[in-house]
Protein chains: 2
Amino acid sequence: MSDTILKPKASETQREILIVAADVFAAEGFRNTDVQVIADRAGVGKGTVYRHFGNKEQLFLATAQYCMGRLEEHVTEQLEGYPTAEAYLEAHGAADVLRLIARACAQFYQQNPLYLEILIQERVEFREANDPLQVLMRKNTRAGLDKLMETAIKSGDLRKGKVKSASDAFGDLLYGSLVQGSVDGDSQRLVQRVEQSVELLLNGLLASPS
Amino acid sequence: MSDTILKPKASETQREILIVAADVFAAEGFRNTDVQVIADRAGVGKGTVYRHFGNKEQLFLATAQYCMGRLEEHVTEQLEGYPTAEAYLEAHGAADVLRLIARACAQFYQQNPLYLEILIQERVEFREANDPLQVLMRKNTRAGLDKLMETAIKSGDLRKGKVKSASDAFGDLLYGSLVQGSVDGDSQRLVQRVEQSVELLLNGLLASPS
DNA sequence: CCGTGCGGACGGGCGCGTCCGTTCTCTGAT
DNA sequence: ATCAGAGAACGGACGCGCCCGTCCGCACGG
């Protein structure tokens, strides 16, 4: 299944298909997409696509997984040598690690606006049916985020309060900024928008906080 | 006569169809929805649906418009006699008006989780093609929000800074909280989640803001 | 000569939108 | 008040196009 890397030639074809699929799914939406179009653009027959991915749904899920994998890679790269976000936190403090995560995500989706579309599509199309992908993905990132917040609160960097609330707020703000920012057309300013929003969340809107 | 119930006026029929359509679209998604199902559940023929709404797309847009109208009504009701949010702002301050708006939206979608699905669907399905609905709707609410923020900044309630950034952050946080909150299943705690997030945005995450 | 990977032609199902016979409603005349 | 008739509203059967997934013949390597 996912052990595709073993066969170089087959994996090349698969990878090629996934890249094209991401393009088409993002542009057309899952339902609107004709698998034939993906096959054509990838320069293979439709049979090949189905042999590799079983059916349209699995193809889409593989595509989404591919996109999320790319995002994860990108964020990790941004940690500049630190093995984990935790390590970065200890070195630079809570504010900077949150800034870094947010900026990394924004950068990624600014460079690959289509992948954001895939993310949203998946949310819409497969929200029921024990979603093995988005929810799973979210749980992973959330677990990491919670731990990060907990450490940061204990260290006194962050205001005391519920860990989950802080994670929720940060995650929700990030998600909202990315999605809305891409809608507003200024996909070129996604990074800027996210950075400003995160800054406001860190420092607060009120002139005199309670 | 009981016949008046069986054969209500045209506008009644339309409203009935819209309510059912909201249910079905929200549950199935736009593409997955068979118009026949809407007609059946509304107790009318498919021809009637098409006569009233033209085609499936227009039916969906009318449905979305209906949902947004309901939200607007609900928010207005929450202003407790104040004619506008501006008036409420002057009486209660910036923090409270933002809290009120956020809570009102959360309440509404907690009561009508399906309508949130409609909102998301519309975003996905009609993001191109000079969307006359969501973008228009957004521009309206954004204009109001910008004005609110501007007033609040001038009055000293809010930290100085770009008006648009503050609006973005608030709007994005609200949107993200609503969507993610509904995904996480706890649709019963939507209000709570949004309130906590807004509180954090108002006061800031950092223990010692710059 | 066999086996494996390939691709495109095709079947079948599904669902949008239409068409036309039926039913309801409203008006005006008796 | 009753009814006739016209016109509007209705509804569901059906045509048609689109697209998923399969199937079978082919090409190439061992």
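Helix H3 of chain A is where I'd like to start: H3(A) gives the most to the surface near DNA strand C, with five residues. "Near" here is for a residue with a heavy atom within 4 Å of the strand, and helices are DSSP runs of H or I with at least four residues, strands being runs of E with at least two, numbered from the N terminus.

A quick word on what we're looking at. This is a predicted model, where local features need pLDDT of at least 70 and side-chain atom pairs count only at pLDDT 80 or more, while totals for chains, interfaces and linings use all residues. Residues are numbered from 1 along each chain as written, chains are lettered from A and ligands numbered from 1 in written order, and side-chain values use heavy atoms, leaving out hydrogens and water.

Back to DNA strand C, then. There are 15 residues around it, and those that come nearest are Thr48(A), Thr33(B), Asp34(B), Lys46(B) and Lys56(B). So which part of the strand does the protein meet? Of the strand C atoms within 4 Å of the protein, 54% belong to sugar or phosphate, and the rest to bases.

Let's look at some of those phosphates. The side chain of Thr48(A) puts an N or O atom 2.6 Å from a phosphate oxygen of strand C. For the side chain of Asp34(B), the corresponding distance to a phosphate oxygen is 2.9 Å, and a polar backbone atom of Val35(B) sits 3.0 Å from one. Two elements give two or more residues to this surface: helix H3 (46–53) of chain A and helix H4 (46–53) of chain B. Sorting the surface near strand C by class gives three nonpolar, six polar and six charged residues. In that sorting, Ala, Val, Leu, Ile, Met, Phe, Trp, Tyr, Cys and Pro are nonpolar, Asp, Glu, Lys and Arg are charged, and the others, Gly among them, are polar.

Now turn to DNA strand D. Here 17 residues surround the strand, and the closest are Thr33(A), Lys46(A), Lys56(A), Gly45(B) and Arg51(B). Asp34(A) has a polar side-chain atom 3.0 Å from a phosphate oxygen of strand D, Val35(A) brings a backbone N or O atom to 3.1 Å from one, and Thr48(B) has a polar side-chain atom at 3.0 Å. Which helix gives the most to this surface? That is H4(B), with five residues. By class, the surface near strand D has three nonpolar, eight polar and six charged residues.

Next, how do the two protein chains meet? The contact, meaning heavy atoms within 4.5 Å, takes 51 residues from chain B and 49 residues from chain A. Together the chains bury about 4600 Å², with 51% of it on carbon and sulfur atoms; that is the accessible area (1.4 Å probe) that two parts lose on being put together, summed over both.

For those of you who like charge pairs, there are six salt bridges across this interface. A salt bridge here is a side-chain nitrogen of Lys or Arg within 4 Å of a carboxyl oxygen of Asp or Glu. One of the pairs joins Arg193(B) and Asp172(A), at 3.0 Å from N to O.

On the side of chain B that touches chain A, H10(B) gives the most, with 13 residues. That side of chain B divides into 20 nonpolar, 15 polar and 16 charged residues.

There is a neat symmetry too. Chain B can be laid on chain A with an RMSD of 0.1 Å by a turn of 180° and a shift of 0.2 Å along the axis, using a least-squares fit on the C-alpha atoms of residues with pLDDT of at least 70 in both copies. That is the relation of a two-fold axis. In chain B, the C-alpha nearest the axis is that of Gly204(B), 1.7 Å from it. Of the interface residues of chain B, 96% are also interface residues in chain A, so the copies meet through the same surface.

Finally, a look inside chain A, which has 10 helices and zero strands. Its C-alpha trace spans about 65 × 35 × 30 Å along its principal axes. Within this chain, the side chains of Glu199(A) and Arg99(A) form a salt bridge at 2.6 Å, N to O. Glu199(A) lies in helix H10 (residues 190–203) and Arg99(A) in helix H6 (residues 94–111), both of chain A, so the pair ties together parts that are 100 residues apart in sequence.

Key:
A polar contact is a pair of N or O atoms within 3.5 Å; within protein, one must be able to donate a hydrogen and the other to accept it, and residues adjacent in sequence count only if both atoms are side-chain atoms.
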